[in-house]
Amino acid sequence: MAARLSYRPAAPADLDAMERIETAVFATDRASRRQLGHAIRSPSILCLAAERDGRLEGYAVAELRRGSRIAHLVSIAVAPEAGGRGIGAALLAALEAAARARGCDRVRLEVRDDNGPAQRLYDRAGYTRFAVLEDYYEDGAGAWRYEKRMA
């Protein structure tokens with residue numbers, strides 16, 4: 001029987017695996033090792049790890065701002081070898097639950113305008129596109145801004 005995926009706060013021991021996934025998944029606009037380490041340690045950032053059999057298969061990062069009820073999803077990444085198993089959707093749901101537990105009632109994010117799979121993930125999860133941002137990413141690609149109101 002295959003082990004179940006579990007979701008937990010990311011820990012310093014996850015940093016190497018997170019950096020490998022970040023490099024494999026994102027061609028540009030990658031988080032540096034230092035930024036990933038900060039995300040793991042910061043009390044104002046939700047950093048969740050998806051793990052199976054002691055192996056990190058993905059992670060999600062959202063920033064929280066004092067006095068705001070909006071969580072800003074910064075990144076969601078699934079190891080290429082673990083893709084197609086619903087890990088991204090499950091991580092997104094886990095992050096939403098963690099944000100609600102921290103008093104947030106909305107999640108906002110930006111996604112590349114050429115990233116159809118991610119756009120479909122957010123559409124299926126109930127996010128609404130509310131803005132288009134030109135020249136948003138370092139390679140000049142635009143972004144779609146999404147938001148989800150959570151009950």
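This text walks through a predicted model, from its nonpolar core outward to its helices, loops and salt bridges.

Start with the core. The largest nonpolar core holds 45 residues. Within this core, Met18 and Tyr122 touch the most other members. Many elements contribute. Helices H1 (15-25), H2 (33-41), H3 (87-101) and H4 (116-124) each supply at least two residues. So do strands S2 (45-52), S3 (55-64), S4 (70-78) and S5 (106-112). The largest share comes from H3, with 7 residues.

Look at Met18 next. Residues up to four places away in sequence are not counted here. Beyond them, Met18 touches Ala10, Leu36, Ile40, Cys47, Leu56 and Tyr59. Two of these contacts, Leu36 and Ile40, lead to helix H2, where both are buried.

Which residues of H2 are buried? They are Leu36, Gly37, Ala39 and Ile40. These four lie on the same side of H2, because they cover an arc of only 155° around the axis. The buried residues of H2 pack against H1, S2 and S3. The face turned away from that buried side carries Arg34 and Arg41, which are exposed.

H2 is also tied to H1 through charged side chains. Glutamate 19 and arginine 33 meet in a salt bridge, at 2.7 Å from N to O. Glutamate 19 sits in helix H1 and arginine 33 in helix H2, so the pair links distant parts of the chain, 14 residues apart. Glutamate 19 counts as partly exposed, at 27% relative accessibility. Arginine 33 counts as partly exposed too, at 35%.

The loop between H1 and H2 holds aspartate 29. Its phi is near 50°, a positive value in a residue other than glycine. Aspartate 29 is partly exposed, at 33% relative accessibility. Aspartate 53 repeats the theme in the loop between S2 and S3. Phi of aspartate 53 is positive, near 50°. At 66% relative accessibility, aspartate 53 counts as exposed.

Is aspartate 14 buried or exposed? Aspartate 14 is buried, with a relative accessible area of 8%. The place of this residue is the loop between strand S1 (6-9) and H1. A polar atom of the aspartate 14 side chain lies 2.7 Å from the backbone nitrogen of alanine 11. Leaving aside neighbours within four places in sequence, aspartate 14 is in contact with Arg8, Pro9, Ala49 and Leu56. Leu56 also appears among the contacts of Met18.

Now turn to H4. Its buried residues are Gly116, Ala118, Gln119, Leu121 and Tyr122. The buried residues of H4 pack against S4, H3, S5 and S7. Tyr122 is one of the two residues that touch the most other members of the core. Both ends of H4 deserve a look. Asparagine 115 caps the N-terminal end. One of its side-chain oxygens lies 3.1 Å from the backbone nitrogen of alanine 118. Glycine 126 follows H4, and its phi is positive, near 95°.

Charge pairing remains. Side chains of opposite charge can pair when their charged atoms come close. How many salt bridges are there in this model? The count comes to 17.

One of them joins glutamate 57 to arginine 85, with the closest N and O atoms 3.7 Å apart. This pair links distant parts of the chain, 28 residues apart. Glutamate 57 lies in strand S3, and arginine 85 lies in the loop between S4 and H3. Glutamate 57 counts as buried, at 7% relative accessibility.

Another salt bridge pairs arginine 112 with aspartate 139. Here the closest N and O atoms are 3.0 Å apart. Arginine 112 lies in strand S5 and aspartate 139 in the loop between strand S6 (128-133) and strand S7 (143-149), so the pair ties together parts that are 27 residues apart in sequence. Aspartate 139 counts as partly exposed, at 42% relative accessibility.

Other salt bridges share partners. They join Arg69, Asp105, Arg106, Arg108, Glu147 and Arg149 into one network.

Notes: Residues are numbered from 1 along each chain as its sequence is written. This is a predicted model: local features need pLDDT of at least 70, side-chain atom pairs count only at pLDDT 80 or more; totals for chains, interfaces and linings use all residues. Side-chain values use heavy atoms; hydrogens and water are left out. A nonpolar core is a set of buried Ala, Val, Leu, Ile, Met, Phe, Trp, Tyr and Cys residues joined through side-chain atoms within 4.5 Å. Buried means under 20% relative accessible area, exposed over 50%, partly exposed in between (1.4 Å probe, protein chains only). Contact means heavy atoms within 4.5 Å. A salt bridge is a side-chain nitrogen of Lys or Arg within 4 Å of a carboxyl oxygen of Asp or Glu. The arc is that of the directions from the helix axis to the C-beta atoms. A polar contact is a pair of N or O atoms within 3.5 Å; within protein, one must be able to donate a hydrogen and the other to accept it, and residues adjacent in sequence count only if both atoms are side-chain atoms.
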